[in-house]
Amino acid sequence: MGDNLKYSILQTVEQKFRLGEVVLVIFEAYQIVGAEHQNRVLVVVKSGNSSALFSFAIANYPPINLSDLHINAVLPINETFIIDNRPGSGISSHQFQILSGNETFTYYYYPDHNKEQFDKVLRKLIQEYSEENHGNFMWLDAYKSSDLSEIDLDIATNKLPPKNRESKFREELERRKPEYTIYEPYKIFCATWNVNLQQPKEDLVLREWLSTTEDAPDIYAIGLQEIDMSAETIIRSETRPDYNWIAKILEGVHPGDAYEELISVRFVGMMLTIVIKQSLRSSVSKITTSMVGTGTLNFGNKGGVGVSLQLNENFLCFINSHLAAHVQEFERRNEDHDEILRRMQFKDGFRTRNILEHDQIFWIGDLNYRIATAIDDGQIKNFCEYEKLFYLDQLYIEHVKKKRVFRDFQEGKITFKPTYKYDPGTDEWDSSEKNRAPAWCDRIFWKGQKVEQLCYKSVMQLRISDHKPVYSVFITYIMTRDEKKFKRVHEEVLKTVDKYENDNQPQMTVAETDLDFGILRYHEMYSRELLVANNCHLPVHFKFLSKDIVSSSVCEDWIRISHKSGELLTGNSMSIRIDIFIDESSASKIMRRLKDAQINVKVPLDILVLHVENGRDIFITVFGEYQPSIFGLRLDTLMKLNKSVLEYSLKELMDIDDDANNLIPFYNNAKAPREIYLMIDYLYRNGLNIPHLFTIQRRHKLSPRICAIRDWLDSWSVENFPGTPQTAAEILLKIFEASPEPLVTITERELQIYVQYFDRCKELVQNKMPLLNRKIFLYVIMFLKEIQKNYTINGMDDRTIAKIFAPALCRHQNDQFSQKFLLLFLSNDIKDFARVELEKN
Amino acid sequence: MSKKTYDLLFKLLLIGDSGVGKTCILFRFSDDAFTSTFISTIGIDFKIKTVELRGKKIKLQIWDTAGQERFHTITTSYYRGAMGIMLVYDITNEKSFENIIKWLRNIDEHANEDVERMILGNKCDMTDKRVVSKERGENIAREYGIRFMETSAKANINIEKAFSELAEAILDQTAGKENNDNQERVVVDRKNQEKSPAYSRCCTS
Ligand SMILES: Nc1nc2c(ncn2[C@@H]2O[C@H](COP(=O)(O)OP(=O)(O)O)[C@@H](O)[C@H]2O)c(=O)[nH]1
Ligand SMILES: [Mg+2]
């Protein structure tokens, strides 16, 4: 490869890694996946004492943006890592295999690519590992995060809700944090001093303690103990910072920069003061304090005070504590330590953070651990080689040996004399009556990534107290956002999130979007199964939507859908049954719908909208042809047919139906349509004495004979009537119900006004009903009167008859008036009225 | 830099005869890819894409409609919530161009009054099969006072530009409205992510 190109790839690759992770070599190779050659960049990276081989897939060649490279394998160079350069089995001599864990990866490369350097580096690293035989591979964890497009089984099976866009966004931004964070070094100066109740006198100069570094530290954390232990202070649980000391501290800090007090927290004798460079003030936020008293009754003569703060992207915690005193009380000290760890909480709004929830923690103070008295006190005082005593230090025993306290905290090597107990004003050991043994009471611990201790010292020449001050300087690397890189990653993450949202739309597949029902006939049930499946990796909720705002129905009323809504889990399918049944109320509608259908041009019966929640809508078109029947035609039309209905096309029938002005003559001068006449005539002969000929429940509504009678009527059959009196009665009602308009064309309102008066009702019949309707009406009433006459045999009284016929003949919203109206005609003598009307032409 | 994923949500709609390339245009814009093997859309589909305009992150929710004749009545019910509509014709198909008038009428009847419109003459890569000249496209656009562009989903010509101009026009309108104290109507509430075609979702179950 060209050197320039290789260099630019290297630059892109390097951006993928974090500070301290060094790219040693890159090598371009490819893998064969299926029939495809896929380019790879192999990258060898070292971090600390461990190294790994990264294999990147390349989305765009040459890779320029971070998003052009995707990790496809991370192989730690450990005892399982083997590179096998033996020539491959015939495919190519330019191939090699890498064995790692239990897996084998085969790579190919281009003959003109020099592999020597790559091999050499790998060999060296393998060698190094085999010599040391250990390494910390934790840094690799950051690169093992999951792929976005991976299927989440818990989501697919509805155990967890799908992630929303915002949370995916935050997650992705967090995952890619290494790409836009850099680590910036900060110098932190931690100091502790038990001042033994001394006030800072004017001549006290703290420079010797606080200004002992060459460069000015960025942050000071200064802990004092025993600034005041008077009974009053203890009883008041004094929390007001002591500004005499703070002023003294500010005088004592490094003169090489401008500082300010960030915050101080005091609890009785303990005070922790954080001082920072003024230039850093804007980088620090979320400053909170906390205090824990552990002494008798938690009064606060012992315990800890702490400060939590955010510096750029890291949370830092400083604790100053003063633990229980006396040689034998080390277990109390351990308990004080536990209590501080457990009870110290930093509240920032709704968020509470405990000590361990910080990236870097500095714990300082008069921890009060002594030297276990294996040798007598006098001897300790005279001992010169203090480092030999160190293994007798109680804190060393509790911390390092027993791991009882300060677990996971570190302490630097102590190279100074015990800091306790001196005769004030001197560097001499305690000569008082108490004759205390020397001890390293004053200590500094830390915990966290990327912290390096630069020094750990005591200061002999500050002599006002019986303790000597201690300090330690650290370099910490603070995570900081690189705004330029962040902006780029942010944009890329937005794209990823868009893609995630698009890819994670719930999707449903339907086997067909056209459902053809073929020929449909009146009063027969037709069904089709619509197979739907969920092939996406999210649960799917679906429902059929209504197409207009006015009506809420999702389909025409002759269609029934078995599941108007439902849920489908990933991989599942179901069949939705669509039924069509053309009954009295829909027969005329479907004929009107299809009247423009031509041969070979299908007109949709309906379009169903199948909506997937949070996803797309699918249109399902229902097709079918209708075989016309006499049901659903106007009564006039029935009069005009001069041959069987089967001999007409739908279009012709609709043209006749539309002939409102009766330009087409009636076929003969019968008083009623043939079909009505046939039913009534049959019933006159066979039905008058039949009990329950008509029933309110319409018991014969769905009788199979209905279709036989339909065919007999439609075909103008000369065969014997295929029905029974009961089914003939049902057909009579159906003919009236199916016709597009009601037989009685008097409105509900008119009946409401006049239904008390029979004469008025007769006038309404005369004036408001067309002649044909009038004739049919009276014809039917005459017939019903005959039925009613046989009441004692057939049980059909006038009320029952009115109840059954009123809805069929009048179709009013409320049958109350139409029933009264029918009753009038059933109970009054109408012979003369009927004769006159039926004679009319 | 804020951590929310968008400031505004604009709903856009693609309409036009079947086969003019609506689905391809959307796919090019959202996935930056082109496939010639789409099954024609039988329903309503949408994709989202976030763009940045004048420092604002705008989430575009783009609806792709079925163009077949028999779905016309149904698809008009999706016009109402749209803030921008792309009318697409195919420069190699005279009929699809003539139908633009019909589609414009459809918009007048069913869409919001202040909807931003744009006409796209798609497939402009097919120069040898062209039957509708660019001038005719420009003329009709001028006549109706609408933006116009020739595009190719296949060759990736003007696709990005078309969407960003339409979004910008909506943004202009939004800004204008804001000054007129009419904020709530236009600035989409970020929480209200549920898309809302005219279909009454509440009453079905
Ligand atoms: N040459 C060319 N073909 C296109 C272009 N856009 C779409 N097509 C083709 O036109 C056909 C219909 O496209 P499609 O997006 O499904 O149209 P839609 O019905 O409007 O959604 C497909 O075969 C596409 O490959 C384009 O810009 N150039
Ligand atoms: Mg399409």
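Which residue in β11(A) is the bridge partner of Y259(A)? In this predicted model, the partner is K277(A), and the strands around that pair make a good place to start.

## How to read the model

Residues are numbered from 1 along each chain as its sequence is written, and chains are lettered from A and ligands numbered from 1 in the order in which they are written. Because the model is predicted, local features need pLDDT of at least 70 and side-chain atom pairs count only at pLDDT 80 or more, while totals for chains, interfaces and linings use all residues; side-chain values use heavy atoms, with hydrogens and water left out.

## The chain as a whole

Chain A has 25 helices and 30 strands. Here helices (H or I, at least four residues) and strands (E, at least two) are DSSP runs, numbered from the N terminus. Of the 841 residues of chain A, 52% count as buried, where buried means under 20% relative accessible area, exposed over 50%, and partly exposed in between (1.4 Å probe, protein chains only).

The accessible surface comes to about 38,800 Å², and 48% of this belongs to carbon and sulfur atoms; the areas come from the Shrake-Rupley method with a 1.4 Å probe, and for residues only the protein chains shown count as cover. Among contacts in chain A between residues at least 6 apart in sequence, 69% join residues at least 24 apart. A contact means heavy atoms within 4.5 Å.

## Strand β11 and its partners

Back to the opening pair. Strand β11 (residues 270-277) of chain A is mostly covered, with 8 of its 8 residues buried. Two strands pair if DSSP finds at least two bridges between them. By that rule β10(A) (residues 259-267) pairs with β11(A) in the antiparallel sense over 8 bridges, and β9(A) (residues 219-225) pairs with β11(A), also antiparallel, over 6 bridges.

On the β9 side, G223(A) stands opposite L272(A). The hairpin of β10(A) and β11(A) has 2 residues between the strands, and V268(A) takes a positive phi near 55° there.

## A six-stranded open sheet

Elsewhere in chain A, 6 strands form an open sheet with mixed pairing, in the order β12-β13-β14-β17-β19-β18. Its edge strands, each pairing on one side only, are β12 (284-293) and β18 (410-411). Helix α9 (residues 330-343) of chain A packs on the sheet and touches β12, β13 (303-311), β14 (314-322) and β17 (360-366). The direction of α9(A) makes about 140° with that of β12(A); axes are lines fitted to C-alpha atoms, for helices over the stretch in contact, and angles run from 0 to 180 degrees between N-to-C directions.

At the other edge, β18(A) and β19(A) (residues 442-448) run antiparallel and are joined by 2 bridges, with E411(A) opposite F445(A). The loop between β18 and β19 of chain A holds K421(A), and the peptide bond from Y420(A) to K421(A) is cis, with omega near 0°.

## The nonpolar cores

A nonpolar core is a set of buried Ala, Val, Leu, Ile, Met, Phe, Trp, Tyr and Cys residues joined through side-chain atoms within 4.5 Å. The largest one has 112 residues, and those with the most contacts inside it are I676(A), F694(A), F777(A), F805(A), F821(A) and F825(A). Helix α21 (residues 771-789) of chain A gives the largest share, 10 residues. This core lies between domain 3 (509-626) and domain 4 (669-838) of chain A, because both give residues to it; the domain bounds come from an automatic or database domain assignment.

Leaving aside neighbours within four places in sequence, F777(A) is in contact with residues including L743(A), V765(A), F821(A) and F825(A). Apart from this core lies another, of 41 residues, among them L311(A), L389(A), F390(A) and V470(A).

## Helix α17 and two histidines

Helix α17 (residues 705-714) of chain A is largely enclosed by the rest of the structure, because 7 of its 10 residues are buried. These include W712(A) and D714(A), and the cover includes β23 (514-521), α16 (674-686) and α18 (725-738) of chain A. Just after α17(A), W716(A) takes a positive phi of about 50°.

Buried or partly exposed: which describes H523(A), and which H692(A)? H523(A), with a positive phi of about 65°, lies in the loop between β23 and β24 (525-533) of chain A and counts as buried at 6% relative accessibility. H692(A) has a positive phi near 55°, lies in the loop between α16 and α17 of chain A, and counts as partly exposed at 48%.
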